[in-house]
Amino acid sequence: MGWFYYLAEQCDFPFRARCIAERSISPLLVDEEVKVIGEAPARECEKELFVKIQWKERQLAVPLSQLVAIDADSATEQVVEDGSTGFSEAMSIKTIPARKTGTTRKEN
């Protein structure tokens, strides 16, 4: 949840963003521009970071990894880039129990 709070504290909402990848869980198309209006609820961000956007006449949450910030201050652009790549990398490291010792080890 650290990335969730980092995003919430460091981003200067609202800002414009452009879709850089289509996802089956999102209606956005590549190169579509949207207004990011805030972070999604924490319960939506347990496995991936989502942000709340204004899309057509609705507000909905989309994966941060789908977006690149435009018309945003440099700090927000950096947070979006860090959050998109850093969260994915952090989630790919699995903690699994080590055999016989009861300790844990990290596996990539």
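Is Arg23 buried, partly exposed or exposed, and what is its relative accessible area? Select Arg23 in this predicted model and colour by accessibility: the residue is partly exposed, with a relative accessible area of 29%. Keep Arg23 on screen and add Glu48, because the side chains of these two residues meet in a salt bridge with an N to O distance of 2.7 Å, and Glu48 lies in the loop between S2 and S3 whereas Arg23 lies in the loop between S1 and S2, so that the pair ties together parts that are 25 residues apart in sequence.

**The other salt bridges**

The structure holds four salt bridges, and two more of them can be visited from here. Select Glu33 and Arg16, whose closest N and O atoms are 3.9 Å apart in a salt bridge; this pair links distant parts of the chain, with Glu33 in strand S2 and Arg16 in strand S1, 17 residues apart. Both ends are partly exposed, Glu33 having a relative accessible area of 43% and Arg16 a relative accessibility of 32%. Next select Arg43 and Glu44, which also form a salt bridge, their closest N and O atoms being 4.0 Å apart. Within this pair Arg43 is exposed, with a relative accessible area of 63%, while Glu44 counts as partly exposed at 39%.

**The strands**

Now show the backbone of S1 (residues 15–19) together with S2 (residues 33–39), which pair in the antiparallel sense over four bridges; a useful place to look is Ala17, which stands opposite Val34 in S2. Extending the selection to S3 (residues 50–55) brings in a further antiparallel pairing, since S2 and S3 are also joined over four bridges, and there Val36 has Ile53 of S3 as its bridge partner.

**The core and the aromatic pair**

Which residues of the largest nonpolar core touch the most other members? Among its 25 residues they are Phe15, Leu28, Val36, Val51, Ile53 and Leu67, so Val36 and Ile53, selected above as bridge partners, appear here again. The elements that give two or more residues to this core are helix H1 (2–10), S1, S2, S3, strand S4 (58–63), strand S5 (67–70) and helix H2 (74–92), and the largest share, four residues, comes from S3. Centre the view on Val51 and display its surroundings: leaving aside residues up to four places away in sequence, Val51 touches ten-odd neighbours including Leu7, Val36, Leu60, Val62 and Leu67. Then select Phe13 and Phe15: a search of the whole structure finds one aromatic pair, and these two residues form it, stacked at 5.7 Å centre to centre with 25 degrees between the planes. Phe13 is buried, and so is Phe15.

**Ser26**

For the last stop, select Ser26, whose place is in the loop between S1 and S2, and which is buried, with a relative accessible area of 10%. Where does its side chain make polar contacts? The side chain of Ser26 reaches the backbone nitrogen of Leu28 at 3.2 Å, and it also makes a polar contact of 2.9 Å with the side chain of Gln66. Not counting residues up to four places away in sequence, Ser26 touches Val62, Pro63 and Gln66. To finish, draw a distance between the C-alpha atoms of Ser26 and Leu60, which are 34 residues apart along the chain and are separated by 9.2 Å.

Note on methods: Residues are numbered from 1 along each chain as its sequence is written. This is a predicted model: local features need pLDDT of at least 70, side-chain atom pairs count only at pLDDT 80 or more; totals for chains, interfaces and linings use all residues. Side-chain values use heavy atoms; hydrogens and water are left out. Two strands pair if DSSP finds at least two bridges between them. Rings of Phe, Tyr and Trp (its six-membered ring) pair if their centres lie within 6.5 Å; planes under 30 degrees apart count as stacked, over 60 as edge-to-face and the rest as tilted. Buried means under 20% relative accessible area, exposed over 50%, partly exposed in between (1.4 Å probe, protein chains only). A nonpolar core is a set of buried Ala, Val, Leu, Ile, Met, Phe, Trp, Tyr and Cys residues joined through side-chain atoms within 4.5 Å. Contact means heavy atoms within 4.5 Å. A polar contact is a pair of N or O atoms within 3.5 Å; within protein, one must be able to donate a hydrogen and the other to accept it, and residues adjacent in sequence count only if both atoms are side-chain atoms.
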